[in-house]
Amino acid sequence: KAKNKYAIDTISKNIELMSIGINNISNFLSPDSIFIYSEISYFIPEYLDLIKNNTNTVKGENLNILPCRLGNKSSLFGCINRCITNFFDTFYDNL
């Protein structure tokens, strides 16, 4: 844990921007949990807690911010989920 000011400032800005994005997602979609895939969260154990502490959403206390264990395939699985959901929505609409 070297005291590199540039690295600390960069990570602090990342935490600030992630918190803003999570606030927007939470206020718009009201999810129970948000999964974050970021290698930073594996190298800095406090990363997700720092993000959660900087969120001020309507239901911030109930929002779970968790590390995504799917790795770099998480976006792929999200897209597959969306395609399947759209398929069944279209299928039921045409019945």
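This is a short walk through the overall build of one chain, its nonpolar surface patch and its aromatic pair.

Okay, so one thing up front: what we have here is a predicted model. Let's start with the layout. The chain has four helices and two strands, and if you follow the sequence along, they come in the order α-β-α-α-β-α.

Now the overall dimensions. The radius of gyration is 17 Å, whereas a compact globule of 95 residues would come out near 12 Å. Put a box around the C-alpha atoms along the principal axes, and you get roughly 60 × 30 × 20 Å. Of the 95 residues, 23% are buried. On contacts: take those between residues at least 6 apart in sequence, and 71% of them join residues at least 24 apart.

Next, the surface. The accessible area of the chain is about 7400 Å², and carbon and sulfur atoms account for 59% of that. There's a nonpolar patch on the surface made of Leu70, Leu76, Phe77, Ile80, Ile84, Phe87, Phe88, Phe91 and Tyr92, and together they have about 920 Å² of accessible area.

Let me zoom in on one member of that patch, Phe87, which sits in helix α4, residues 74–93. Is Phe87 buried or exposed? It's exposed, because its relative accessible area is 52% and the cut-off for exposed is over 50%. Phe88 counts as partly exposed, because its figure is 39%.

And how many aromatic pairs does the structure hold? Just one. That's Phe87 with Phe88, edge-to-face, 5.2 Å centre to centre with 75° between the planes.

That's me done, thanks.

Terms used. Residues numbered from 1 in each chain as written. Predicted model: local features only at pLDDT ≥ 70, side-chain atom pairs only at ≥ 80, totals over all residues. Heavy atoms only, no water. Patch = residues over 30% accessible without salt bridge, like charges linked within 9 Å, V, L, I, M, F, W, Y side chains within 5 Å. Areas by Shrake-Rupley, 256 points an atom, 1.4 Å probe, with all protein chains shown as cover. Salt bridge = Lys/Arg side-chain N within 4 Å of Asp/Glu carboxyl O. Phe/Tyr/Trp six-rings, centres within 6.5 Å; stacked < 30°, edge-to-face > 60°. Buried < 20%, exposed > 50% of the residue type's maximum accessible area, 1.4 Å probe, protein only. Rg over C-alpha atoms; globule rule 2.2 N^0.38 Å. Contact = heavy atoms within 4.5 Å.
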